[in-house]
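Got the model open in your viewer? Switch to a cartoon view, keep the selection box handy, and we'll go stop by stop.

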Amino acid sequence: MKIKLIKNGMIVFPERSEPLQGDIYLDGEKIKRIELKGDKSKKPAAKATFKKDEVIDATGMLVLPGLIDMHVHLREPGREDTETIATGTQAAAAGGFTAVACMPNTSPPLDNQESVLFVKQRASGCKARVYPIGAVSRGRAGKEMADIGEMVQTGAVAVTDDGSPVHDAGMMRRALEYAGMFGIAVISHAEDMSLSGKGVMNEGYESTRLGMHGIPPFSEEVCIARDIILCKYIGTPLHIAHVSTKGSVELIRQAKAEGVNVTAEATPHHFTLTDAEIGKEFSTNLKMNPPLRTQEDVDAIIEGLKDGTIDAIASDHAPHAPEEKEVEFDQAPNGIIGLETSLGLVATCLVKPGHLTWNEVARKMSAAPAKILRTPGGDLRAGAIADITIVNPKAAWTVKVDKFYSKSRNSPYDGWKLQGKVKYTILGGEISFEG
């Protein structure tokens, strides 16, 4: 059933400073009209009569443009035992996301026209839109350029070798030059593997105390500096994925001040957790790449989100099977799931303490990803697609991973008490999730 009216909600326009109460009228897959309470500049439309199930009463709730997660791993093709496009998009809808961009480190990788087409076909009819991101290099091996042009023509919205960096600076240069011809961004997984070595956690006091190999912060920062220099010369949009260090934030801040065409994202785990958590239980759900850093880094990430240095928030949803994670810490794969906890963590750890407003959340979780990837969505206006997320900001809930829609359970937030929960996710005018 198509929704035709969302009434009495607090509408969160990304371009404004605070929510405004009003009604949103929908017409099929598009927003037809928005009427704000007390706005006498526009003549109210003639009252229409709708059926009960065509109307959502959003009294006391926030109405945001549909959330867009620009960094997820859907594992299909190749690891359908941990996630599929169907289950991943169901988890996305439960988390308030109407669209996700999926990374190319599948098996086989998304490095050609056929693989991108496969994802688009599998995503048809799912609970969220899926925008494939193609690989920079064939097989993500860093040896030979992938078919970027053909992938873009088929629907790829950006390119990256995420999961690993583009090691060769010359290839990164060519990727930026080639991607620029098609108007897409190159996403940088910033890491110098010669510096990361056998590291399994952040290099510092905690890694020394625990006797584990560390990944130094400058492994990330060296690569960001390189890619910013290349971007400054070539001009193609450069997006830095999962920023994790204080030095990285400062590099991006300086680049933006110089007018370099760079954007950046941060993940919830990098602004809610530190490496000090690892020594408490040695949970492999605290192992990710980039690794959890120090409180000083967490504070810098939050400051970067506040001052606009970091444009977007993305989950880096990375499902793994239980048997893969139930091993010794240094043997476990990197990554955690995040689609179903992102909004609650943002509401609890950024909005509630006053670091971000809900309008800023709409920018970082919807408008900015849409702008960086050049996809539909990210705004609320007449004529825009009717992708909408309705949130109860006061709803308290406890994370229970065994209730998640994702196929995997590798989350460090199980049992956390959060505030702010998705009530409805609306995709193209239809409810894709109701909480």
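A word on pairing before you click: two strands count as paired if DSSP finds at least two bridges between them. Helices (H or I, at least four residues) and strands (E, at least two) are DSSP runs, numbered from the N terminus. This is a predicted model, where local features need pLDDT of at least 70 and side-chain atom pairs count only at pLDDT 80 or more, while totals for chains, interfaces and linings use all residues. Residues are numbered from 1 along each chain as its sequence is written, and side-chain values use heavy atoms, with hydrogens and water left out.

**Stop 1: the parallel sheet.** Select residues 67-72 and 97-102. These are strand 6 and strand 7, which pair in the parallel sense over four bridges. Show Ile-68 as sticks and look across to Ala-99 in strand 7, which stands opposite. Now add 129-132, strand 8. You have an open sheet of three strands, in the order 6-7-8, with parallel pairing. Strands 6 and 8 are at the edges with a single partner strand each, so one side of each has no neighbour in the sheet. On average, neighbouring strands here are turned by 20° against each other, direction ignored.

**Stop 2: the hairpin.** Jump to 20-27 and 30-36. Strand 2 and strand 3 run antiparallel here, joined by six bridges. Pick Tyr-25 and you'll find its bridge partner, Arg-33, in strand 3. Two residues lie between the strands of this hairpin, and Gly-28 takes a positive phi near 65°.

**Stop 3: two crossing helices.** Select 169-181 (helix 4) and 217-234 (helix 7). Their axes (lines fitted to C-alpha atoms over the stretch in contact, with angles from 0 to 180 degrees between N-to-C directions) come within 10 Å and cross at roughly 40°. Which residues of helix 4 meet helix 7? Ala-169, Met-172, Arg-173, Leu-176 and Glu-177 do, against Arg-226, Asp-227, Leu-230, Cys-231, Tyr-233 and Ile-234 (contact: heavy atoms within 4.5 Å).

**Stop 4: Arg-253.** Finish in helix 8, residues 246-257, where Arg-253 is found. Is Arg-253 buried, exposed or partly exposed? Its relative accessible area is 26%, so Arg-253 is partly exposed; buried means under 20%, exposed over 50%, and partly exposed in between (1.4 Å probe, protein chains only). Leaving out residues up to four places away in sequence, Arg-253 touches Glu-303, Gly-304, Asp-307 and Thr-309. For a last distance, pick Tyr-413: its C-alpha atom is separated from that of Arg-253 by 30 Å, with the two residues 160 apart along the chain.
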